[in-house]
Amino acid sequence: MPFIPHTASDEQEMLGAIGVPNIDALFDEIPKNLRAATLSEVPAGISEMALQRLMNQRARLDEVALSFLGAGAYEHHIPAAVWDLVGRGEFMTAYTPYQAEASQGTLQLIYEFQTMMTRLTAMDVANASVYDGATALAEAMLMAVRANKSNKSNRVVVAGNLNPNYHAVCHTIVKNQGLILDVLAHDPATGCLPGAVEAALEGAAALVISYPNFFGGLDDVDYLTDSAASAGALVIGVVNPTALALIKPPGEWGTRGADIAVGEGQPLGIPLASGGPYLGFMCCRQQFVRQMPGRIIGRTVDQTGKPGYTLTLQAREQHIRRGKATSNICTNQGLLVTAATIYMSLLGNEGLRQVALTAHSGTNALTNLACQIDGVTARFSGPVFHERVLSLPVDASLVVEKMAAHGVLPGLALGDWVTGMDDCLLVNVTETKTAADIACFARLLAEVIEEVKATC
Amino acid sequence: MLIYEHSRPGRMARAQYVAAQGISSELADDLGAHLRSSALGLPEVSELEVVRHYTNLSSKNFAIDKQFYPLGSCTMKYNPRGAHAAASIPGFLKRHPLAPAANSQGYLACAYELQNYLKDVTGMQAVSLTPMAGAQGEFAGVAMIRAYHQKRGDHDRVEILVPEAAHGTNPATAVMCGFVVREIPVTKEGDVDLDALKAVVGPRTAGLMMTNPSTCGVFERQIQEIAETVHEAGGLLYYDGANLNAILGKVRPGDMGFDVLHMNLHKTFATPHGGGGPGSGPVGVGARLAPFLPTPTVGMAEDGTYRWLDHKDIPDTIGRLSTFMGNAGILLRAYAYARLLGAEGMNRVGEYATLNANYLAKSLEQAGYTLAYPARRATHEFIVTLASEAKHQHVTAMDFAKRLLDYGYHAPTTYFPLLVPECLLIEPTETESKAEIDGFVAAMTQIRQEAMTEPALVTTAPHSLPVKRLDDVKAARDLDLAYKVTA
C-alpha cells in the first residue's frame, strides 16, 4: 500500500471506533449501482526503483546535444543553489499562505519577488504571479478593459509580431467576455510595427506591445507608448525579464511609461521542462492595483508591532468575491516564484546584465557566422535581443528535421507559425552557448542546407 | 530581514558571473536608444547570504513534510519523493517544449499514458492535460459547454447553475466564460435542494457545476436524479474534481452522469502544492464534448509513435490555454505517482482517505465537538461547527485554528463552506497514520478545554510562531507591496 501507513490492527481499531464492520460500509450512502469502478487502463503498481529505470529510459529519448530553440522558452544556466533551496520540503510542500503566521517564509519571499519585479520592470506594483506568460497577457487584457476609464471600449489592439501562441491563448480566454482583438500588422520588411499607428489605436482600450517581439526585434516602444497615450489606450508591455537587464524597462517607455507589464518568468532560473510549470509575472501602475488579478502580498505589523507579511486586497479574489472577482485564478506559481527570487538574488544586477550581454553577443556572433553561408541572410536587419530570424535558401522545416537527427535543434521553423515564412528559422542564443557551439551550429547548417538542396 | 537588507553595493555571487566564452564581449552598442540606463535594483549579496537567507525563510513555513495539514478541500497528502525525482531527470528538465516530436517520444509516451489513466479513473472518453490548475480546468470545461451549445445554435443557454456551497472558483469561472450564475440552495442534510433545482432549470440552463462529494463533506445521494433533471432540460453537468480523492478507485464521475470534469492533480495525484502552486487541472469529457477539447493533446500515430494533436486534428477546439502544453513537469509527477500506486493502490486512496476522515470525525465528536452533518457519513472530509463555542465562550473558529498552530498542526480550512457558521472543514487524507490523527484529537481536546477555562489563551493565539496575528486592515489600507529600495 504505497504511502498508506495503516497496519491491520490500526484499521480494526479505527473501524471499531467508527462502529462499522469494514471500509466498504463507509461508502453506504453512495448508490450501489455507482460503486462499480474497476480500473482497466491503470497498470499494476511498480517500485520506486522500477519507476526510476523506466523514467531514465524515457528521458534519454528526449536528450539533445545542443539546442538553439527559443520562441518563448529559453535555456539558461541555473545556479546549483536555486533548486537545492526550492526543493526544501518547507517550500515545496507548503500550501497557499492563507494562515499567515504559519507561512511567513513563503509570504516574505513573495514580497521580495514583487519588489524585484517592480524594480526590473520599473513599474509600481507586482502580483505574486499567474500561470505563464501567455495567461498573464490574457489577464492583462481583461484588466486593461476594466481599468481604462477614458473609454468604454472592449477593443484591444495586439501587435502582429507577438508570439502567435500568446495571441491564441488570449483569444481562448477573453473571447467569451466580448473582447475584440485587433491585430496591428507588422511591416514585413522590418518585422516591427509600422511607423504610423494613430488610426489603428483610435478608440481602443489598450495596445499590446511585445519587447522583444516574436522575431527577437525591438520595436520603437517610446513612439508606440506615446501614441497609445494620446489615443486614450492603455499600454500593455510583454517583456522578457533577462532582456530588461539590457533594454529599456516598460516603466520608462515614452513619456509616461507602460500601464501594465507582463511576461514569462521562465528565464529566471526555471528549467525548460517541456513548457511548464513556469510563471507569468504581472506588474502595473499603482492606480490599477485593485483591477489586478491574482494573489498580492503586503507588509504589515502584528499585534506587537513586529513587521510581517500577509495576503492583501483579497476582495479582488474568487474565494471572497465569487462571481464578481477579477479572475477565477486560485493559485499562483508559488514554487517557481521561489526559484525566480533566489535566481535574481544570486545573479544580482551585474550577474543578470552579464547573462543578457553574453546572450546578445552570442546572437550577433551566430548571425555573422551563419550569414557567411551561401544563401543565408538575416531576415530583418534591425537590432535584436538574443533571437534572430535567418532566411534560408531551402525549406526551414527540412533543415530542422535533419539537424535534429544529428542531435542539434537549430531553432524554430516559422512556416507553421507565420504566413509566408517557410524559409525562415528563428534562432536563439543564450549565455549557455560557447563560440565552439556556435561554430558547430554554422558548420552543420551549411552541410544540411547542401543536403536538402541535393535532394530537392 | 529582507534579502535587500543584506545587500551591499559591489557585493556579488561571483560564481554566477558568466564569462563570454570565446565570444568578444563587445558592448551592446547596436542597441542604441533601446539600452537601459536605469539601475536594475536587484539585491547585491553573496551566494552564502542567499543560501542562508532562504533556508532561514523556509524554516518559517508549515509544510506537509513538517506537520499534519488537515486542510479541508485541499488534500494535503504526502508528496512522494520518487515522483519528484522521476520528473527531475535531466532529459525531462532540458526538453524544450517546441522540440520536434521525434526528439520527444519519452515525454509524449508519459503524457499519452497519463491521459489514458485519467480517462479510466474518471470514466470519461477523452482527456486534455493542458489546463494549468483547477481553476483553468474549470474554465476549459465551462468554455466547452458554451462551445457545445453554440455549435448547436442553442444561443439562449446563458445560465450556469451552482450550488451555494460551491468553491468560489465555480461562479468566477462561469462569469469568465460569459455566463450568468444562479445559485441553488442546499438542504439541512447537505444535499442539493432538488425542488429548487427543478424550479430554475430550463431552456436557459447551459449547465450545472457540482462537486461530489460536496464541500459539505457528504456524498450527494441524489446525483443520478440531478443529472437526469439537468440533461432533460438540455443542460450539461460539470464535475469539479476538487474532492476526487474521496472516491478515487471507488466511483467514477462519468458513471454518475457528468459530461465534463477537471481533476486537481496537485490534490488527488499528490503533486506538491509549492506554497500556492503550481497546480495542474486536466479536463476529461464524454463523447459530446470531445470535439471541443483544449489543445494540444497527445495522440498515437499508426506506427506507434506519439505526436501532438492541435487545431488541425481537433478543429472545434476551444483553443489553447497555455503558451506551450500546460504544467508538464507536474504531469510527469502525477504519471509517476500513478505508476507507483497502480490500479490497486489507487483503489485504496479513496478507501483510506474515507476511513481516516470518519475516524477523525467520530473522535472529535466524542471529544465534545459538534459535527455539522452528524446524521451523515463523512466522505474524505467533514465539517465541525463552533457556533456554540463562539456564542458562549466568544471563541471563534478562527481562534481555534490559530491555537492549533501553537500545537504544531496546520489549521483546517476555516469559514468554508459559507453556509455553515463558524466552521472548520477537516480533511486528514489517506497518508496520515492513526497515531498522527490521535495526536491532533488530543490537541483539539486540549484547546476546547482552554476555550472554557482560559479563553484569552485561545483568542490571542498563536503565541509560538514567528509573528502574532497580523493587522490585515493596515495591510490593505497602507498598501506596502514592494520594498522601497534606496539607491
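Modeller: Two strands pair if DSSP finds at least two bridges between them. Strands (E, at least two residues) and helices (H or I, at least four residues) are themselves DSSP runs, numbered from the N terminus. The model is predicted, with local features needing pLDDT of at least 70 and side-chain atom pairs counting only at pLDDT 80 or more, while totals for chains, interfaces and linings use all residues. Residues are numbered from 1 along each chain as its sequence is written, with chains lettered from A and ligands numbered from 1 in the order in which they are written.

Colleague: What makes β5 and β6 of chain A a parallel pair?

Modeller: Six bridges join β5(A), residues 206-211, to β6(A), residues 234-239, and the two strands run parallel. Pairing asks for at least two bridges, so six are sufficient. Within this pair, A:Tyr211 stands opposite A:Val239 of β6(A).

Colleague: Which sheet of chain A holds these strands?

Modeller: The open sheet of seven strands, in the order β2-β8-β7-β6-β5-β3-β4, with mixed pairing.

Colleague: Why are β2 and β4 of chain A said to stand at the edges?

Modeller: β2(A) (125-126) and β4(A) (180-184) have a single partner strand each, so one side of each has no neighbour in the sheet.

Colleague: Which strands make up the open sheet of four in chain A?

Modeller: The order is β11-β12-β15-β14, and the pairing is antiparallel. Here the edge strands are β11(A) (377-378) and β14(A) (412-413), each pairing on one side only. β14(A) is joined to β15(A), residues 424-428, by two bridges in the antiparallel sense. Two is the minimum for a pair, so β14(A) and β15(A) qualify. A:Ala413 faces A:Leu425 of β15(A) across this pair.

Colleague: Why does B:Ser58 count as buried?

Modeller: A residue is buried if 20 or more other C-beta atoms lie within 10 Å of its own, exposed if 12 or fewer do, and partly exposed in between; C-beta atoms are placed from the backbone. B:Ser58 has 22 C-beta neighbours inside 10 Å, so B:Ser58 counts as buried. This serine belongs to helix α1(B), residues 47-58.

Colleague: Which residues does B:Ser58 touch?

Modeller: Leaving out residues up to four places away in sequence, B:Ser58 touches A:Arg88, A:Glu90, A:Phe91 and A:Gly105. Contact means that the C-beta atoms, placed from the backbone, lie within 7 Å.

Colleague: What makes helix α7 of chain A "mostly covered"?

Modeller: The count: eight of the 11 residues of α7(A) (164-174) are buried. Among them are A:Tyr166, A:His167, A:Val169 and A:Cys170. The cover over the buried residues includes α6 (133-147), β3 (155-159), β4 and β6 of chain A. In chain A as a whole, 63% of the 456 residues count as buried.

Colleague: What is said of the faces of strand β6 in chain B?

Modeller: Both faces of β6(B) (260-263) are covered: B:Val260 and B:His262 on one side, and B:Leu261 and B:Met263 on the other, are all buried. β6(B) pairs with β5(B), residues 236-241, in the parallel sense over four bridges. With β7(B), residues 283-285, the pairing is antiparallel over three bridges. B:His262 stands opposite B:Asp240, and the bridge partner of B:His262 in β7(B) is B:Val283.

Colleague: How far does helix α11 of chain B span between its end C-alpha atoms?

Modeller: α11(B), residues 328-366, spans only 45 Å, against 57 Å for a straight helix of 39 residues at 1.5 Å a residue. The expected value is 1.5 Å times one less than the number of residues.

Colleague: Where is the kink in α11(B) centred?

Modeller: On B:Gly342, with an angle of about 95°. The bend at a residue is the angle between axes fitted to the seven residues ending there and the seven starting there. Of the 39 residues of α11(B), 32 are buried. Just after this helix, B:Gly368 takes a positive phi of about 105°.

Colleague: What does the domain assignment of chain A give?

Modeller: Domain 1 (66-76 + 350-455) and domain 2 (80-342), with bounds that come from an automatic or database assignment. In chain A, 25 residues of domain 1 are in contact with 23 residues of domain 2. α11(A) gives the most to the side of domain 1 of chain A that touches domain 2 of chain A, with seven residues.

Colleague: What is the mean pLDDT of chain B?

Modeller: The mean is 95, and 98% of the residues of chain B reach 70 or more. pLDDT is the predictor's confidence in each residue, from 0 to 100. For the complex, the predictor gives an ipTM of 0.97 and a pTM of 0.97.

Notes. Contact = placed C-beta atoms within 7 Å.
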